[in-house]
Amino acid sequence: MKKRILLIFAVILSLGIAGCNHEESIEKNEKVINHNWNESSLFESGGYTMIGEEGRLGFIYDDSEVVRFYPDKVQKYMWHFWGEEQELDGELKIVATHENEGEEIYVTGGVLGAANNGADKHAPSNMSLPKSGIWKLDAYIGESLFGSVYVKVHEK
């Protein structure tokens, strides 16, 4: 009888653990799947065209041949941020995720500079993404996610 109870307990416990692992893998997949994987909108600020979320974050980008993303092509981009002083206090870190993968890659980072082009803070950057498709660029200031910009990496 004790062996049977232990066996039942072991089965229930193993099913519970397997269920947790399954839920965790679903959560990881939802991290990629639940985003709107469309390129972010273009907007104007300080006489420049930017891509991102107007009034929140973006970088100078006009979707011309010169500034487009291509696999492994390093380009200069100027990030701009709008917000309260306390949320703009910290180092910038940009992390990218491809639309078909859950793995995040570090893209760039640095110190935020003063107001520029109508934004409260700015930061120059060199960015490159390794393959074509849509990428989500998460901008962290300090340890907090400030916002995301979706970009298309074109075929070579």
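Which order do the four strands of the open sheet have? The legends below walk through the answer and the views around it.

**View 1. The whole chain, a predicted model with one helix and nine strands.** Local features here need pLDDT of at least 70 and side-chain atom pairs count only at pLDDT 80 or more, while totals for chains, interfaces and linings use all residues of this predicted model. Residues are numbered from 1 along each chain as its sequence is written, and side-chain values use heavy atoms, with hydrogens and water left out. The mean pLDDT (the predictor's confidence in each residue, from 0 to 100) is 85, and 78% of the residues reach 70 or more. Helices (H or I, at least four residues) and strands (E, at least two) are DSSP runs, numbered from the N terminus. Read from that end, the elements run α-β-β-β-β-β-β-β-β-β. Of the 156 residues, 35% are buried, that is, under 20% relative accessible area (exposed is over 50%, partly exposed in between; 1.4 Å probe, protein chains only).

**View 2. Residues 9-33, a stretch to read with care.** Here pLDDT stays under 50. The model has eight contacts (heavy atoms within 4.5 Å) for this stretch beyond four places in sequence.

**View 3. The open sheet, in the order S6-S5-S8-S9.** Its four strands pair in the antiparallel sense; two strands pair if DSSP finds at least two bridges between them. Strands S6 (104-110) and S9 (144-153) are at the edges with a single partner strand each, so one side of each has no neighbour in the sheet. From one strand to the next, the twist averages 25° (axes are lines fitted to C-alpha atoms, for helices over the stretch in contact, and angles run from 0 to 180 degrees between N-to-C directions). Strand S8 (residues 133-141) is joined to S9 by nine bridges, and Ile134 stands opposite Lys152 in S9.

**View 4. Strands S4 and S7, an antiparallel pair.** Seven bridges link S4 (residues 75-81) with S7. Look for Phe81, whose bridge partner in S7 is Lys121. Strand S7 (residues 121-127) is mostly covered, with five of its seven residues buried.

**View 5. Tyr140 in strand S8.** Is this residue buried or exposed? Tyr140 counts as buried because its relative accessibility is 19%. Leu92 is 48 residues away from Tyr140 in sequence, yet their C-alpha atoms are 5.7 Å apart. Beyond neighbours within four places in sequence, Tyr140 is in contact with Glu91, Leu92, Lys93, Val95, Leu145 and Phe146.

**View 6. Thr108 in strand S6.** With a relative accessible area of 10%, Thr108 is buried. Its contacts, leaving aside neighbours within four places in sequence, include Leu92, Lys93 and Ile94, along with Ser125, Asn126 and Met127.

**View 7. The largest nonpolar core, with 25 residues.** A nonpolar core is a set of buried Ala, Val, Leu, Ile, Met, Phe, Trp, Tyr and Cys residues joined through side-chain atoms within 4.5 Å. Those with the most contacts inside this one are Phe59, Phe69, Trp79, Phe81, Leu129, Leu137 and Val151. Strands S3 (57-60), S4, S5 (92-98), S7, S8 and S9 each give two or more residues to this core. Take Leu137 as a starting point: not counting residues up to four places away in sequence, Leu137 touches a set that includes Phe59, Trp79, Leu129 and Val151.
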